[in-house]
Structures are given as structure tokens and as C-alpha cells.
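Colleague: Before I rely on the descriptive terms used for this structure, I should like to hear the grounds for each of them. Could we go through them in turn?

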Amino acid sequence: MLIGITGTNGAGKTSVCDYLQTRDFAYQSLSDEIREELARRQEPATRENLIEMGNQLRRTFGPAVLAERVKAKIQPDRNYVVDSVRNPAEVESLRRLPDFHLLHIDAPIETRYERVRTRRDARVPATFDEFVAQEQREMSSDDAATQQLLACYQMADEKLINDADKKALDARVDDLLRRWSMNSFRPGWDEYFMRIASIVALRSNCMKRKVAALIVKDRRIISTGYNGTPRGVKNCNEGGCPRCNSFAPSGTALEECFCSHGEENAIVQAAYHGISLKDSTLYSTFAPCLICTKMIINAGIREVVYSLDYPLNESALRLLAEAGVQTRQISLKL
Ligand SMILES: [Zn+2]
Ligand SMILES: [Zn+2]
């Protein structure tokens, strides 16, 4: 899970980030990217310098530059909190990662001013009115390269009002984590197996087409196969199959083809290891041809899930239906 933090000054963004770190979230901050840049140029990290350098970087390298720099540091297997999201392009960039949520944190402005004042920070405006005016300037702007807190507020997946004590804030964050974890990005079984099949297909040595099949029983993979010339025969892409190497039109001269199909190889691999395919499901990146269909039926496979249509598969699908083998087509953007 990846949580982006946006919100107003003094709302409690740091408290939320600190708490998430106690929940084993790794911390990244878009502001730290600006601090690193200032340090490289040996300039002090004042509030004004941070804002100005942030704007300058966005103008030079595009409005999503800070998010892109942070993304390069993110490992996909960990949970992260990303602090200081202040521009819509940053939100859009982070949203391209799976399981991203933007959390906006706010509190009544008087409360926030009190919190900020007690920080005894020289950068804090001297009066409440100045604090309000400063905030107005940072809320929105016609310049796409600057801070756009209002637009980030509108893009937030969740808005949290931090108007009570720390215990209440932590409890609200816990509640969010529970809800977001339940809806966490995870592919369904069909997508899971079909994506694995598409990876298996990459290993195909056929120069005409790359196809693969996966045989699954009780949601466990028991066999895989990709298309290509038989074991011990020169690979198709090294000239092993005269038919494929003559670039024959699809569906023609099939009887001259030396390449085994993905489904055929998955069934044969099970035979090689002495595994029964009775009542299993076959996932194929391609609808089966007539020859593979006959093998599927007689191997006792109960269901065929395929992704792309094979040009000549009508009779195959009819045969599968007649034999009582269920078929489903799922379309995935692989
Ligand atoms: Zn081939
Ligand atoms: Zn086939």
C-alpha cells in the first residue's frame, strides 16, 4: 500500500507520517527531494527556498518531477507513506502505482495556527491574518508548476479532520488502514493464472506466435506448456520448423508444422510426470485449435479459460460444448 499525504499547514501531516512509520510504513517525502537539491546547491532549506526550488524543479523537469524521483526509490513489496504531495501532477504520477491512496489532512484554521505557533519556528507568520493570507496563496494558482493544495484536496481519496488529540488521530488512521487493506489491489484467480500463462508464453521458441497454457487443479498449477518444436529438435526460431519458417498464413499447412501447441505441451508435460488432469482447468492465452481440443476432452479437463480467439476455433468450441467441457473467454490487458 502507498499512502500520499497532502493537506494544510499545521493539520498534523507529520503526526500521521510518524504514526504510519510505527506501523512499518517506509517514509518518503517530496520535500526531501527539494531539500536534497538545495543541499547540492549549498542553499539553506528555508520555507521560501523550499517552495521556490520546488517550483523551479517542476518548471524545468515537468510538474511530476518530485513524485518521479520518489517513485524511483520505492520497492513494490513494501508499504510506503509519501509526505508533502502538493501538486495534481504528483498525484497523477503516484496514482499509476498500484494500491495508491491520497489522504488529505485538515483541521480548523484557528487550531492549526495555534499548533504552528507553538513550533517556535522562525518561518511561521507573526500574525493569524498573515497565516491566512499565506495559505490562500498556496491553495491554488494558474501556474501548473506551483503548489496547488486545493486541487490536491479535490483529488483526495479520503479527507481526515484532525481536530482532537493524538489518540483519536491514530485511531482514525488505523480505521483507514483496515478499510484500504480490505480493498487492497490483488488480482482474481483468472487474472492471476492468465498473467502467469502470458509469462510462460514468453519462453516460446515459435517464430509465428507465442502461446502458452497452464493446467490448474484446486487453484494450484500442475502443468505448464508453451508452443515450439519438440524436445531435442532444433528450435523453431533457429529454423527447426520449415512450415513456420516459410511464414505460412495462419491456419494453413498445419499438418506440416513441427511445432507443438501450448495446450498440447501442457498436457504432455503432465503425462511426462505421471499427473492426472481429470477435473482440472486449462488456462490458455489463445483459444484451442481442434487437435488440442480433442486432447483436452480426452485428458478429462473440465474447463477451458482462454484469452484471445483463434481464427478457426468455432468447431473446437462446439466440440468442447458437446463433450461437456465448459469454456470461458476472459479479456485481459496483459
Ligand atoms: Zn513454430
Ligand atoms: Zn492447438
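The exchange below concerns a predicted model and takes up its helix packing, its strands and one residue.

Colleague: Why is α12 called roughly parallel to α13?

Modeller: Helix α12 (residues 262–273) and helix α13 (residues 290–298) pack at an angle of about 30°. Angles under 35 degrees count as roughly parallel, so α12 is described as roughly parallel to α13. Their axes are 9 Å apart, and the crossing of α12 and α13 is left-handed.

Colleague: Which residues make the contact between α12 and α13, and what is its make-up by class?

Modeller: Helix α12 contributes Glu263, Glu264 and Ile267, while α13 contributes Cys292, Met295 and Ile296. By class, the contact of α12 with α13 has four nonpolar, no polar and two charged residues.

Colleague: What makes α1 oblique to α9?

Modeller: Helix α1 (residues 13–22) and helix α9 (residues 166–182) pack at an angle of about 60°, with their axes 10 Å apart. Roughly parallel requires an angle under 35 degrees, and roughly perpendicular covers 65 to 115. The angle of about 60° fits neither range, so α1 is oblique to α9.

Colleague: In which sense does α1 cross α9, and which residues meet there?

Modeller: The crossing of α1 past α9 is right-handed. Ser15, Val16, Tyr19 and Leu20 in α1 meet Lys166, Leu169, Asp170 and Val173 in α9. This contact of α1 with α9 has five nonpolar, one polar and two charged residues.

Colleague: How do you know that strand β1 is largely enclosed by the rest of the structure?

Modeller: A residue is buried if 20 or more other C-beta atoms lie within 10 Å of its own. Six of the six residues of β1 (residues 2–7) are buried, so the strand is largely enclosed. Leu2, Gly4 and Thr6 point one way from β1, and Ile3, Ile5 and Gly7 point the other way.

Colleague: Which strands pair with β1?

Modeller: Strand β3 (residues 80–83) pairs with β1 in the parallel sense over three bridges, with Gly4 opposite Val82. Strand β4 (residues 100–106) also runs parallel to β1 and is joined to β1 by six bridges; here Thr6 stands opposite His104.

Colleague: What makes β7 and β10 edge strands?

Modeller: Five strands form an open, mixed sheet in the order β7-β6-β8-β9-β10. Strands β7 (220–226) and β10 (326–329) each pair on one side only. Neighbouring strands of this sheet are turned by 20° against each other on average, direction ignored. Within the sheet, β8 (residues 281–286) and β9 (residues 303–308) pair in the parallel sense over five bridges, and Leu282 stands opposite Val304 in β9.

Colleague: Which strands of the sheet does helix α10 touch, and which does α12 lie across?

Modeller: Helix α10 (residues 189–201) touches β6 (212–217), β7, β8 and β9, and its direction makes about 140° with that of β6. Helix α12 lies across β6, β7 and β8, running at about 125° to β7.

Colleague: Why is Lys71 called partly exposed?

Modeller: Lys71, in helix α4 (residues 65–71), has 17 other C-beta atoms within 10 Å. Buried needs 20 or more and exposed 12 or fewer; a count of 17 lies in between, so Lys71 is partly exposed. Not counting residues up to four places away in sequence, Lys71 touches Ser93 and Leu97.

Conventions. Residues numbered from 1 in each chain as written. Chains lettered and ligands numbered in written order. Predicted model: local features only at pLDDT ≥ 70, side-chain atom pairs only at ≥ 80, totals over all residues. Axes fitted to C-alpha atoms, helices over the stretch in contact; angles between N-to-C directions. Helix = DSSP H or I, 4+ residues; strand = E, 2+ residues; numbered from the N terminus. Parallel < 35°, antiparallel > 145°, perpendicular 65-115°, else oblique. Left-handed = near helix turned anticlockwise from the far one by under 90°. Contact = placed C-beta atoms within 7 Å. Nonpolar A, V, L, I, M, F, W, Y, C, P; charged D, E, K, R; others polar. Pairing = 2+ DSSP bridges.
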